Amino acid sequence: MNADIVVRARAAQSQTRKEEAYRLILDMILHGEVKEYEFLAEQRLAEAFGMSRAPVREALHALCTERIMESVPRMGYRVAPISLREILDCVEVRLLLETESVRRACLNRSPESLEMLDDLIVRYSCVNDSDENLHLWISSADSIHLFLAEMSNNVILARCIAPIIDLIRRASIQLIHEGRLKPKEEHLHVSILKAVRDGDSEKAQALMREDILVLKNILLQR
């Protein structure tokens with residue numbers, strides 16, 4: 001086998017392992033499995049994932065570059081704290097992007113998207129507020145927001161919304177641990193889906209604004 005091909009194959013395999021480690025670590029963070037100020041070590045993560053330290057180290061460096069994690073000398077890696085300013089700025093950007101995405105979603109209804117909307121409405125109509133389902137509640141809400149972003153039929157708009165939702169999820173998980181955020185009996189996300197299903201752009205945008213501002217109102221109550 002050509003030496004160049006071998007080198008490229010090994011590089012591709014290494015990249016794949018790095019991406020796998022990246023997804024696993026990010027998933028831990030987004031599900032609240034890494035507590036605030038808890039330090040992660042390369043070796044322990046590598047052993048848990050069943051891989052070498054190299055891809056784990058590369059994944060951690062990538063997460064640090066994206067300001068999701070930070071490296072502390074002689075201590076390890078921890079989740080980067082989210083400031084109140086960052087969260088409030090995220091809320092402001094979400095208001096701009098997601099009211100537009102839901103407006104476009106109302107215009108881009110198709111038989112396929114209507115079928116998916118009906119499925120989501122049925123799936124998320126009942127909200128269980130037991131503690132063990134809190135993270136599932138956040139995850140399902142995020143899935144709805146991402147679906148509507150994709151339904152806008154604007155790839156760049158959807159790509160911009162996704163990382164902002166990830167950041168807001170981390171903030172929401174922190175509020176859950178503080179006992180300040182609980183699911184509402186009235187699931188706003190289902191109401192948004194129904195408004196989009198009906199093509200009611202004005203109502204969908206108003207509900208989206210209300211939903212996004214929930215987090216801001218909680219934070220400003222400090």
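**Exercise 1. Helices H5 and H8**

Task: Describe the crossing of H5 and H8 in this predicted model, including its handedness.

Solution.
- Step 1. Start with handedness: H5 and H8 cross in a left-handed manner.
- Step 2. Take the geometry. The axes of H5 (residues 111–124) and H8 come within 10 Å and cross at roughly 155°.
- Step 3. Assign the orientation. Angles over 145 degrees count as roughly antiparallel, so H5 is roughly antiparallel to H8.
- Step 4. List the residues that meet. H5 supplies Leu-114, Leu-117, Asp-118, Leu-120, Ile-121 and Tyr-124. H8 supplies Val-190, Leu-193, Lys-194, Val-196 and Arg-197.
- Step 5. Sort them by class. The contact of H5 with H8 has eight nonpolar and three charged residues, and no polar ones.

**Exercise 2. Helices H8 and H9**

Task: State how H8 and H9 pack, and which residues make the contact.

Solution.
- Step 1. Locate the helices. H8 covers residues 188–198, and H9 covers residues 201–219.
- Step 2. Read the geometry. Their axes lie 8 Å apart, at an angle of about 160°.
- Step 3. Assign the orientation. The angle makes H8 roughly antiparallel to H9.
- Step 4. Add the handedness: H8 passes H9 in a left-handed crossing.
- Step 5. Name the contact residues. On H8 they are Leu-188, His-189, Ser-191, Ile-192, Ala-195 and Val-196. On H9 they are Lys-203, Ala-204, Leu-207, Met-208, Glu-210 and Asp-211.
- Step 6. Sort by class. The contact of H8 with H9 has seven nonpolar, two polar and three charged residues.

**Exercise 3. Helices H4 and H8**

Task: Which orientation does H4 take to H8, parallel, antiparallel, perpendicular or oblique?

Solution.
- Step 1. Find the angle and distance. The axes of H4 (residues 84–107) and H8 come within 7 Å and cross at roughly 40°.
- Step 2. Apply the cut-offs. Under 35 degrees counts as roughly parallel, and 65 to 115 as roughly perpendicular. The crossing therefore makes H4 oblique to H8.
- Step 3. Name the residues. Val-102, Ala-105 and Cys-106 of H4 meet Ile-192, Ala-195 and Val-196 of H8.
- Step 4. Sort by class. This contact of H4 with H8 has six nonpolar residues, no polar ones and no charged ones.

**Exercise 4. Positive phi**

Task: Arg-74 and Asn-153 each have a positive phi. Where does each lie, and is each buried or exposed?

Solution.
- Step 1. Take Arg-74. Its phi is about 65°, although it is not a glycine.
- Step 2. Place Arg-74. The residue sits in the loop between strand S1 (69–72) and strand S2 (76–79).
- Step 3. Check accessibility. Arg-74 reaches 84% relative accessibility, so it counts as exposed.
- Step 4. Take Asn-153. This non-glycine residue also has a phi of about 65°.
- Step 5. Place Asn-153. The loop here runs between helix H6 (134–151) and helix H7 (155–177).
- Step 6. Check accessibility. Asn-153 is exposed because its relative accessibility is 61%.

**Exercise 5. Cysteines**

Task: How many disulfides are in the structure, and are Cys-64 and Cys-90 buried, partly exposed or exposed?

Solution.
- Step 1. Count the bonds. A search of the whole structure gives zero disulfides.
- Step 2. Take Cys-64. Its relative accessibility is 22%, so it counts as partly exposed.
- Step 3. Take Cys-90. Its relative accessible area is 10%, so it is buried.

**Exercise 6. Two buried residues**

Task: What surrounds Glu-42 and Ile-164?

Solution.
- Step 1. Place Glu-42. It belongs to helix H2 (residues 42–49).
- Step 2. Check accessibility. At 11% relative accessibility, Glu-42 counts as buried.
- Step 3. List contacts beyond four places in sequence. Glu-42 touches Arg-53, Val-56, Arg-57, Leu-60 and Tyr-77.
- Step 4. Place Ile-164. This residue is in helix H7, and it counts as buried at 15% relative accessibility.
- Step 5. List contacts, again beyond four places. Ile-164 is in contact with Cys-90, Val-93, Arg-94 and Leu-97.
- Step 6. Add a distance. Ile-164 and Val-91 are 73 residues apart along the chain, and their C-alpha atoms are separated by 8.8 Å.

**Exercise 7. The whole chain**

Task: How many helices and strands are there, and what pattern do they follow?

Solution.
- Step 1. Count: the protein chain has nine helices and two strands.
- Step 2. Read along the sequence: α-α-α-β-β-α-α-α-α-α-α.
- Step 3. Add burial: 41% of the 222 residues are buried.

Conventions: Residues are numbered from 1 along each chain as its sequence is written. This is a predicted model: local features need pLDDT of at least 70, side-chain atom pairs count only at pLDDT 80 or more; totals for chains, interfaces and linings use all residues. Side-chain values use heavy atoms; hydrogens and water are left out. Axes are lines fitted to C-alpha atoms, for helices over the stretch in contact, and angles run from 0 to 180 degrees between N-to-C directions. Helices (H or I, at least four residues) and strands (E, at least two) are DSSP runs, numbered from the N terminus. A crossing is left-handed if the near helix is turned anticlockwise from the far one by less than a right angle, and right-handed if clockwise. Contact means heavy atoms within 4.5 Å. Ala, Val, Leu, Ile, Met, Phe, Trp, Tyr, Cys and Pro count as nonpolar, Asp, Glu, Lys and Arg as charged, and the others, Gly among them, as polar. A disulfide is a pair of cysteine sulfur atoms within 2.5 Å. Buried means under 20% relative accessible area, exposed over 50%, partly exposed in between (1.4 Å probe, protein chains only).
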